[in-house]
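Reader: I would like to know what stands behind the terms used for this structure. Please set each value against its cut-off.

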Amino acid sequence: MRHLEATAALLAAEHPDRDCFRNPDYLPWLYEENPAGPAIQESVDRRGVPVSHFALLPQRWARGHEVVSFCVGVNGVTRAGSGEAHFLALLRRGIREMGRRGVVAGFGVTNASSTAMTLTRTGIGNVGPLPVVVRPALPGGWGGTTFEVTPEWLAGAEFAELVRSIPPASDGGWSQVWSLETLRWRLANPSASYRVHVSDEAAAVTTRMVHQHVPVTVVLKLFARRAHTSRGAGAVLVARACRADRSPAAVYVGFNDRVPFRGLAVPRRLLPSPLNLLLFGADRASAAVGEEIQGLPQDEVTLRCFELLDFDAL
């Protein structure tokens, strides 16, 4: 636990805008309680104090009936003035351990500066910028139900029934497996509060943020509850979420082939810190670390769905 406390102190110092790192329960939850397995943690210490850190979280992803282990890179940080070499060394160490654990591919979400450094020094593939879409609050959304996410609700029958209604992954691309245990763990984030909005066709996980004194609904995840949903399935849930938050608009980051989020795409030049999705299959990972890693080749790592709930953004 002392190691996690020191890691949290480094993360809080270098990312003062993220309150989660000041919550003593956050890193134990993120690194140790994940149903898919404990995090791969790599750090560089100086005199017993960490100056650089990187972690990989195991996840289960599916393509049709094929289920495999992926990893998502999180919390890459280096103390100001320590140089980028530490982070790259930790990334390579983490990828090697990923291969030893039987993980077949991985991904990460980075800002512009981290993207350039990672691509240049490792050769990991760049999928491109994550789309950011805004939808103004519109009338509607009167059907369905909204649930406040609490420990009692996560342990109850309504939540279990909702998870059972999510159809299995489709063929042609990868999407994360949201089992009852995994979704219950993800929504138990001790540094966040969530609502879940449910209709007959779909469900949405949202949170409320305040930007320049204005409330904003952030759509973290859209779940289909049928194999095929109507064009307006997401819009109904977004209207309901905005009304619950008393917000003038909703923001969505990512893509979803089953429940598209329709709205106004935000130009990249207007984003304060655009996010890029990086993928590394086994062939790219092998080249990055200089040793053979078994798994999926880069051209087979095609994602059908990737949203904020799929990594540690909120």
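The turns below take burial, contacts, salt bridges and a pocket in order.

Author: This is a predicted model, in which local features need pLDDT of at least 70 and side-chain atom pairs count only at pLDDT 80 or more, while totals for chains, interfaces and linings use all residues. Residues are numbered from 1 along each chain as its sequence is written, and side-chain values use heavy atoms, with hydrogens and water left out.

Reader: Why is S247 called buried?

Author: Buried means under 20% relative accessible area, exposed over 50%, and partly exposed in between (1.4 Å probe, protein chains only). S247 has a relative accessible area of 6%, so S247 is buried. S247 sits in the loop between α8 (233–245) and β12 (249–256); helices (H or I, at least four residues) and strands (E, at least two) are DSSP runs, numbered from the N terminus.

Reader: What makes the pairing of the side chains of S247 and T217 a polar contact?

Author: A polar contact is a pair of N or O atoms within 3.5 Å; within protein, one must be able to donate a hydrogen and the other to accept it, and residues adjacent in sequence count only if both atoms are side-chain atoms. The S247 and T217 side chains make such a contact at 2.7 Å.

Reader: Why is P190 called partly exposed?

Author: The relative accessibility of P190 is 33%, so P190 counts as partly exposed. P190 belongs to the loop between α7 and β9 (195–198).

Reader: What makes D257 and R304 a salt bridge?

Author: A salt bridge is a side-chain nitrogen of Lys or Arg within 4 Å of a carboxyl oxygen of Asp or Glu. For D257 and R304 the closest N and O atoms are 2.6 Å apart. D257 is in the loop between β12 and β13 (264–265) and R304 in the loop between α9 (282–289) and β15, so the pair ties together parts 47 residues apart in sequence.

Reader: How do you know that R186 has no salt bridge?

Author: The nearest side chain of opposite charge, D312, is 7.0 Å away from R186, which is buried. Here Lys and Arg count as positive and Asp and Glu as negative; His and the chain ends are not counted. The R186 side chain does have a polar contact of 3.1 Å with that of Y194.

Reader: Which strand gives the most to the lining of the second largest pocket?

Author: Strand β11 does, with four residues. A pocket is an open set of points on a 1 Å grid over the protein atoms alone, where a 1.4 Å probe fits, with protein on both sides within 12 Å along at least five of seven lines; lining residues have an atom within 4 Å of a point. This pocket is lined by 25 residues.
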